[in-house]
Amino acid sequence: MRLDGKIVGVTGAGTGIGRAIALALARESASVAVTDVDLDHARQVVDEIQTAGGQAIALQIDVTDRDSIEAGVAQIVDRWSKIDVWCNNAGVSSMKPFLELTETDWDFNMNVNAKGVFLCSTVIARQMVHQNPDAASGLRGKIINTASMAGKRGNAPLLAHYVASKFAVVGLTQAMAGELAAQGITVNAVCPGYVRTEMQEREVAWEASLRGVRPEGVRQFYINDTPLRRLETPEDVAGVVVFLASHEADFITGEAINVNGGAWMD
Ligand SMILES: NC(=O)c1ccc[n+]([C@@H]2O[C@H](COP(=O)([O-])OP(=O)(O)OC[C@H]3O[C@@H](n4cnc5c(N)ncnc54)[C@H](O)[C@@H]3O)[C@@H](O)[C@H]2O)c1
């Protein structure tokens with residue numbers, strides 16, 4: 001198993017991509033802190049992991065609240081003494097034409113998607129710098145951010161505020177990777193495309209109503225915009241996160257890896 005003995009934390013792991021990441025990491029024998037603002041959903045994922053024979057705990061962490069992050073991280077360290085990998089995955093979205101966007105829309109997206117990654121990463125990096133380096137790699141820890149295709153492709157109608165928040169995640173990934181390399185911490189991101197999750201269901205409904213088309217038409221547009229001609233699954237993303245968490249990716253840092261079936265290439 002690729003992650004035997006590794007301790008990992010995942011934010012927004014109660015549903016969707018975060019849930020798939022937590023399950024995939026546990027399948028590779030990592031011990032997983034399944035964190036979410038919704039504790040019931042986190043507990044359900046822990047049940048799934050434990051039923052399959054894996055190790056996991058559920059914690060309520062709101063990534064916009066520093067106290068909640070610090071309390072959650074302290075519980076993980078109390079239990080397992082260290083954190084090898086931290087996945088900043090929690091995110092939100094909303095859709096509106098640019099001319100109708102409000103400060104509330106901006107703050108909602110920026111607070112969870114960008115500030116949440118910043119807050120969690122400061123708390124986690126301060127923990128990781130005190131850890132003993134891994135014997136094989138010399139690394140003290142890894143941070144993996146769930147950015148988005150919208151973190152590289154600005155031309156995403158109805159999503160200007162979300163785009164800004166995800167460009168921030170890609171920029172922060174590079175800036176943290178540069179600074180934290182000296183401390184033995186790698187920082188990378190994954191950039192998913194059109195992933196079938198509850199977030200996508202909400203977006204399909206908004207987009208259908210804003211454009212005056214049927215939901216099936218929106219889904220078909222997503223598929224047509226993807227050269228590999230299907231919607232992405234949460235597992236498509238989780239596999240790349242497992243790779244980044246593994247020793248195979250020890251010399252990768254500052255990357256924002258496209259995982260989108262070819263929908264955006266750069
Ligand atoms: N679904 C897509 O098409 C897609 C594409 C690219 C990137 N992403 C990104 O992937 C990540 C996961 O998205 P998803 O599609 O699985 O969404 P989702 O809505 O299905 O799940 C998001 C999870 O984050 C949690 N969450 C929300 N606010 C939180 C907070 N303040 N603190 C902690 N947890 C919080 C929710 O409770 C939920 O469990 C997000 O960062 C999203 O922006 C999604």
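This is a short dialogue on reading a ligand shell and one helix in a predicted model.

Reader: Before we start, what should I keep in mind about the numbering and the model?

Author: Residues are numbered from 1 along each chain as its sequence is written. The model is predicted, so to speak with care: local features need pLDDT of at least 70, side-chain atom pairs count only at pLDDT 80 or more, and totals for chains, interfaces and linings use all residues.

Reader: How many residues surround the ligand, and which are the closest?

Author: A residue is near a molecule if its C-beta atom, placed from the backbone, lies within 6 Å of it. Here 31 residues surround the ligand, and the closest are Gly12, Gly16, Gly91, Thr197 and Met199. Helices are DSSP runs of H or I with at least four residues, strands are E runs of at least two, and both are numbered from the N terminus. Those giving two or more residues to the shell are α1 (16-27), α4 (103-128) and α6 (198-211).

Reader: Now α2; which of its residues are buried?

Author: Buried means 20 or more other C-beta atoms within 10 Å of a residue's own, exposed means 12 or fewer, and partly exposed lies in between, with C-beta atoms placed from the backbone. In α2 (residues 39-51), the buried ones are Ala42, Val45, Val46 and Ile49.

Reader: Why do they sit on the same side of α2?

Author: An α-helix has 3.6 residues a turn, so residues three or four places apart point the same way. These four cover an arc of only 105° around the axis (taken from the directions from the helix axis to the C-beta atoms), which puts them on the same side of α2. The face turned away from that buried side carries the exposed Asp40 and Thr51.

Technical notes: The expected span of a helix is 1.5 Å times one less than its number of residues.
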